[in-house]
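Thanks for coming, everyone. Please have the sequence and the model open while I talk.

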Amino acid sequence: MIKLIVTLTIVVSLLFASPVFAYTVKTGDTMTKIAREHSMTLQDLANRNPQVQNLDLIYVGQTIHTGDSEAEMTVARTVAVRAAAASAALKLEENQGYSEQELDLLARLVRAEAEIEPYEGKVAVACVVLNRVASSAFPDSIKEVIYQKGQFQPVRNGAINKPADDDSINAVREALNEKRNLVGDSLFFYNPVIATSRWLDSRTTTASIGDHVFKR
């Protein structure tokens, strides 16, 4: 809830910023045309509009700053900073508060543990790790859960260090959002055919996907 409030606050502050000496893009406008009509060089116009990342890509209704005043330059810089902050906050919200580094680590574990499993099996492995983070019985970060001693074979054999593939990355994203409850409150998974330890056999089964059985 706190994350959501912070995100909305940043976005609202961005939306209600009121730049002065501004030109509104109309149909047929280009940055070159706007610069010419305001007796400016294209580079001057670009310098006054750091929020425009691609000079060949502007859209109808967009605000372009054209004045020479220091006030406008200050507003332009403020708008650009707020836009970047809003984008970062929305990205953090999409990631449920986890950093990109944590999600990359999780995706690498998913690939190592479930590379030959069906796609839903990859999502399920990610869900187990996220469930552990949320559980008082395990550490409270993705990194600490994954590197907890004796928990995941890819950590022991080095497979965790291989880059994540696209399926694993996408599976992590879905586990964070629409498929968060795919395997309920599962905290464990294993392949009973090849497992050498049988202690998970007696725990409650929550799902079976591919070769993996999920337990709580």
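Start at Ser39. Is Ser39 buried or exposed? Ser39 counts as exposed, because its relative accessibility is 72% and the cut-off for exposed is over 50%. Remember that this is a predicted model. Ser39 sits in the loop between helix H2 (31–37) and helix H3 (42–47). Look at its backbone, too. Phi of Ser39 is near 55°, so a positive value, and Ser39 is not a glycine. Most residues other than glycine have a negative phi.

Now step back to the whole chain. It has nine helices and five strands. Read from the N terminus, the order is α-β-α-α-β-α-α-α-α-α-α-β-β-β. The chain has 216 residues, and 38% of them are buried. Next, the contacts with a separation of 6 or more. Of those, 63% join residues 24 or more positions apart.

On to the inside. In soluble globular proteins, nonpolar side chains tend to be buried together. Here, the largest nonpolar core has 38 residues. Which of them touch the most other members? They are Leu106, Val129, Ile142, Ile146, Val172, Val183 and Phe214. Several elements give two or more residues to this core, among them helix H5 (100–114), helix H6 (119–134), helix H7 (142–146) and helix H9 (166–176). Strands E3 (188–190), E4 (205–209) and E5 (212–215) do so as well. The largest share is nine residues, and H6 supplies it. There is another core, apart from this one. That one has ten residues, including Met31, Ala35, Val52 and Ile64.

Stay with H6 for a moment. Of its 16 residues, 13 are buried, so the rest of the structure largely encloses H6. Check the length as well. At 1.5 Å a residue, H6 should span 22 Å. Its end C-alpha atoms are 23 Å apart, which agrees.

Next, H5. H5 has 15 residues. From first C-alpha to last, H5 reaches 20 Å, close to the expected 21 Å. Its buried residues include Leu103, Leu106, Ala107 and Val110. Glu102, Arg108 and Glu113 are also among the buried residues of H5. What covers them? The cover includes H6, H7, H8, H9, E3 and E5.

Now the helix pair, H5 and H9. Two packed helices are described by the angle between their axes and the distance between the axes. The axes of H5 and H9 come within 8 Å and cross at roughly 115°. The crossing is right-handed. From H5, the contact uses Glu100, Leu103, Leu106, Ala107, Val110 and Arg111. From H9, Ser168, Ile169, Val172, Arg173 and Leu176 take part. Sort those contact residues and you get seven nonpolar, one polar and three charged. The buried residues of H9 are Ser168, Ala171, Val172, Glu174, Ala175 and Leu176. They pack against H5 and H6.

Last stop, Ala164. Where does Ala164 lie? Ala164 is in the loop between helix H8 (153–157) and H9. Ala164 counts as buried, because its relative accessible area is 19% and the cut-off is under 20%. Leave out residues up to four places away in sequence, and Ala164 touches Ala107, Arg108, Arg111 and Ile169. Take Arg108. In sequence, Ala164 and Arg108 are 56 residues apart. In space, their C-alpha atoms are 4.5 Å apart.

So we began at Ser39, which is exposed, and ended at Ala164, which is buried.

Conventions: Residues are numbered from 1 along each chain as its sequence is written. This is a predicted model: local features need pLDDT of at least 70, side-chain atom pairs count only at pLDDT 80 or more; totals for chains, interfaces and linings use all residues. Side-chain values use heavy atoms; hydrogens and water are left out. Helices (H or I, at least four residues) and strands (E, at least two) are DSSP runs, numbered from the N terminus. Buried means under 20% relative accessible area, exposed over 50%, partly exposed in between (1.4 Å probe, protein chains only). A nonpolar core is a set of buried Ala, Val, Leu, Ile, Met, Phe, Trp, Tyr and Cys residues joined through side-chain atoms within 4.5 Å. Axes are lines fitted to C-alpha atoms, for helices over the stretch in contact, and angles run from 0 to 180 degrees between N-to-C directions. A crossing is left-handed if the near helix is turned anticlockwise from the far one by less than a right angle, and right-handed if clockwise. Contact means heavy atoms within 4.5 Å. Ala, Val, Leu, Ile, Met, Phe, Trp, Tyr, Cys and Pro count as nonpolar, Asp, Glu, Lys and Arg as charged, and the others, Gly among them, as polar. The expected span of a helix is 1.5 Å times one less than its number of residues.
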